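Biologist: I'm new to this structure and would like a close look at just one part of it. Could you walk me through that part step by step?

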Amino acid sequence: MKKILILCVLLQLCFYSSFSQVVSLPVFPLRPTSPFGPRVHPLTGRMDFHRGVDLKAKRSIIRAVLPGRISSCGQNSVLGNFVRICHGKAESIYGHLSSVLVYPGKEVSAGEMIGVSGHSGRATGEHLHFSLRLDGSAVDPLKFLLSLQVILKKKQNHEKQRQTTASIPSGNPGGDRKDR
Ligand SMILES: [Zn+2]
């Protein structure tokens with residue numbers, strides 16, 4: 001959990017030093033349907049450890065959460081069509097896609113389209129399986145995603161404020177007042 005906090009602080013620092021796109025949610029809006037941790041697998045009926053979080057998706061564009069390089073992509077029996085992105089010490093993994101739009105070695109920016117959601121692999125229905133690994137170990141990605149959401153909201157509010165300030169005519173600040 002400490003690692004996640006460090007990553008979040010770094011992200012905030014990146015964000016405040018530059019307002020360019022440095023983070024993105026993997027899918028909009030963020031609607032978790034199955035958390036990280038031990039669970040009875042919905043298909044096998046056996047206990048297993050869910051190494052990621054499931055997010056609601058329907059023919060949704062899937063985006064890179066951070067800038068990075070595609071470490072691998074392809075197909076396996078569990079994740080179906082998947083994409084893995086290396087971000088230095090962190091790696092993000094996106095599974096059950098219907099199509100993959102990137103190739104290994106490709107550099108991607110935050111928010112770049114990497115695939116389309118689907119229900120390939122071992123999945124009961126369409127959703128996005130999202131995992132986060134730090135130094136090779138799977139961590140609960142939900143706090144990370146929620147902090148990305150907070151960062152993106154702050155960015156949106158900041159941009160809205162900038163636009164409002166820019167659109168107020170400087171010579172007539174109370175132009176539509178009716179009290180005179
Ligand atoms: Zn999952």
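Biologist: Let's take strand β8: in which sense do β8 and strand β10 (residues 113-117) pair, and over how many bridges?

Modeller: Happy to! Please keep in mind that this is a predicted model. β8 and β10 pair in the antiparallel sense, over 3 bridges. To find a spot on that pairing, look for V100, which stands opposite G115 in β10.

β10 is a good starting point, but β8 has further partners. Strand β7, residues 80-87, pairs with β8 in the antiparallel sense over 6 bridges. On this side, I85 stands opposite S92 of β8. β7 and β8 form a hairpin, with 2 residues between them. In that turn you will find G88, which has a positive phi of about 70 degrees.

Now turn to strand β11, residues 128-134. β8 and β11 run antiparallel and are joined by 6 bridges. Here Y94 has F130 in β11 as its bridge partner.

How enclosed is β8, then? The strand spans residues 90-100, and 8 of its 11 residues are buried, so β8 is largely enclosed by the rest of the structure. For this count, a residue is buried if 20 or more other C-beta atoms lie within 10 Å of its own.

That leads us to the nonpolar core. In soluble globular proteins, nonpolar side chains tend to be buried together. In this model the largest nonpolar core has 30 residues, and Y94 is among those with the most contacts inside it, along with A64, F82, V83 and L128. At least two residues of this core come from each of β4 (53-55), β7, β8, β11 and α2. β8 gives the largest share, 5 residues.

L128 is worth a stop as well. Leaving aside neighbours within four places in sequence, L128 is in contact with Y94 and H96, and also with P26, V27, L55, A57, I62 and S117.

Finally, a word on the helix that shares in this core. α2 covers residues 141-167, which makes 27 residues. From its first C-alpha to its last, α2 reaches 39 Å, close to the 39 Å expected at 1.5 Å a residue. The buried residues of α2 are P141, F144, L145 and L148. An α-helix has 3.6 residues a turn, so residues three or four places apart point the same way.

So there is your tour of β8: a strand with 8 of its 11 residues buried, paired with β7, joined to β11 and paired with β10.

Notes. Residues are numbered from 1 along each chain as its sequence is written. This is a predicted model: local features need pLDDT of at least 70, side-chain atom pairs count only at pLDDT 80 or more; totals for chains, interfaces and linings use all residues. Helices (H or I, at least four residues) and strands (E, at least two) are DSSP runs, numbered from the N terminus. The expected span of a helix is 1.5 Å times one less than its number of residues. A residue is buried if 20 or more other C-beta atoms lie within 10 Å of its own, exposed if 12 or fewer, and partly exposed in between; C-beta atoms are placed from the backbone. Two strands pair if DSSP finds at least two bridges between them. A nonpolar core is a set of buried Ala, Val, Leu, Ile, Met, Phe, Trp, Tyr and Cys residues joined through C-beta atoms within 7 Å. Two residues are in contact if their C-beta atoms, placed from the backbone, lie within 7 Å.
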